[in-house]
Amino acid sequence: MPSVAVYPGSFDPVTNGHLDIIERSARVFDKVVVAVLHNRNKVPLFSVEERVQLLSESIAHIPNTEVDAFNGLLIDYIKEKNANTIVRGLRAVSDFEYEMQAASINRKLDPSIETFFMMTNNQYSYLSSSIIKEVAKYEADVKDLVPPVVEKALMNKFHAPS
Ligand code: ADP
């Protein structure tokens, strides 16, 4: 049976830290589905459609990946995709508590599905979508931190001439 992993997240927007996790997990699993979560309490900067589009363009060079969006319970979505693994990235100790809780509840809901953690590449350990949005607002240079399509999309969101 091919190994199919789902990498879920908000990806609002995708950063080079996410890309690094996607590239590395695509070397481990036969297929990686990058799944944009609808339905968050936070108000997103980019719509789900925009986030899916930015991800699709950013990972077009990695053949065994797919981008999708989902609603509802992650475990149900995993089964729908015939996947058996959840991929999550860990940056700092601060990520650990939430991730441990999420992995535990998911294991309780379905013990056959494993959560696979990947440590961030050191150069991206400080990188988050929120920090990118914060600095892009003030026209800071985010070129080395996000894919070029995201840099352009951020410019359009914050600095498009009216
Ligand atoms: P969520 O809102 O689900 O945390 P994010 O889009 O912020 O969604 O992150 C999705 C996943 O990617 C999470 O597992 C997060 O820890 C991981 N991640 C985010 N940024 C980085 C990074 N710079 N390096 C490694 N993993 C990261």
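**Exercise 1. Thr-15 and the start of α1**

Determine whether Thr-15 is buried or exposed, and describe its surroundings.

*Solution.* Thr-15 has a relative accessible area of 2% and is therefore buried; buried means under 20% relative accessible area, exposed over 50%, and partly exposed in between (1.4 Å probe, protein chains only). The structure is a predicted model, in which local features need pLDDT of at least 70 and side-chain atom pairs count only at pLDDT 80 or more, whereas totals for chains, interfaces and linings use all residues. Residues are numbered from 1 along each chain as its sequence is written, and side-chain values use heavy atoms, with hydrogens and water left out.

Step 1. Thr-15 is placed in the loop between β1 and α1. Helices (H or I, at least four residues) and strands (E, at least two) are DSSP runs, numbered from the N terminus.

Step 2. At the start of α1, a side-chain oxygen of Thr-15 comes within 3.1 Å of the backbone nitrogen of Gly-17. A polar contact is a pair of N or O atoms within 3.5 Å; within protein, one must be able to donate a hydrogen and the other to accept it, and residues adjacent in sequence count only if both atoms are side-chain atoms.

Step 3. Residues up to four places away in sequence being left out, Thr-15 touches Leu-127, Ser-128, Ser-129, Ile-132, Leu-145, Val-146 and Pro-147. Contact means heavy atoms within 4.5 Å.

**Exercise 2. The helices α1 and α4**

Compare the span of α1 with the span expected at 1.5 Å a residue, and do likewise for α4.

*Solution.* Step 1. The expected span of a helix is 1.5 Å times one less than its number of residues. For the 13 residues of α1 this gives 18 Å, and the end C-alpha atoms are 19 Å apart, which agrees.

Step 2. Helix α4, with 17 residues, reaches 25 Å from its first C-alpha to its last, close to the expected 24 Å.

Step 3. The buried residues of α1 include His-18, Leu-19, Ile-22 and Ala-26. In α4 the buried residues are Asp-95, Glu-99, Ala-102, Ala-103 and Asn-106, and they pack against α3, β4 and β5 (114-119). An α-helix has 3.6 residues a turn, so residues three or four places apart point the same way.

**Exercise 3. The loop between β1 and α1**

Identify the backbone features of Phe-11 and of the bond joining Asp-12 and Pro-13.

*Solution.* Step 1. Phe-11 lies in the loop between β1 and α1 and has a positive phi of about 50° although it is not a glycine. At 3% relative accessibility, Phe-11 counts as buried.

Step 2. Pro-13 is found in that loop between β1 and α1. The peptide bond between Asp-12 and Pro-13 is cis, with omega about 0°.

Step 3. Asn-82 also has a positive phi, of about 55°, without being a glycine. Asn-82 belongs to the loop between α3 (74-80) and β4 and, with a relative accessible area of 61%, is exposed.

**Exercise 4. The ligand**

State which residues come nearest to the ligand and which polar atoms face it.

*Solution.* Step 1. Of the 18 residues around the ligand, Tyr-7, Ser-10, Phe-11, Gly-89 and Tyr-124 come nearest; a residue is near a molecule or strand if one of its heavy atoms lies within 4 Å of it. By class, the shell has six nonpolar, six polar and six charged residues. Here Ala, Val, Leu, Ile, Met, Phe, Trp, Tyr, Cys and Pro count as nonpolar, Asp, Glu, Lys and Arg as charged, and the others, Gly among them, as polar.

Step 2. One oxygen atom of the ligand is 2.9 Å from a backbone N or O atom of Phe-11. An oxygen atom of the ligand is 3.2 Å from a side-chain N or O atom of His-18. A nitrogen atom of the ligand is 3.3 Å from a side-chain N or O atom of Arg-91.

Step 3. Taken alone, the ligand exposes 550 Å², of which the protein buries 91%; accessible areas come from the Shrake-Rupley method with a 1.4 Å probe, and for residues only the protein chains shown count as cover. The elements giving two or more residues to the shell are β1 (4-9), α1 (16-28), β4 (85-90) and α4 (93-109).

**Exercise 5. Arg-51**

Locate Arg-51 and list its contacts.

*Solution.* Step 1. Arg-51 is part of helix α2 (residues 48-58) and counts as buried at 5% relative accessibility.

Step 2. Its side chain reaches the backbone oxygen of Phe-46 at 2.9 Å. Beyond four places in sequence, the residues touched by Arg-51 include Ser-10, Phe-11, Asp-12 and Val-36.
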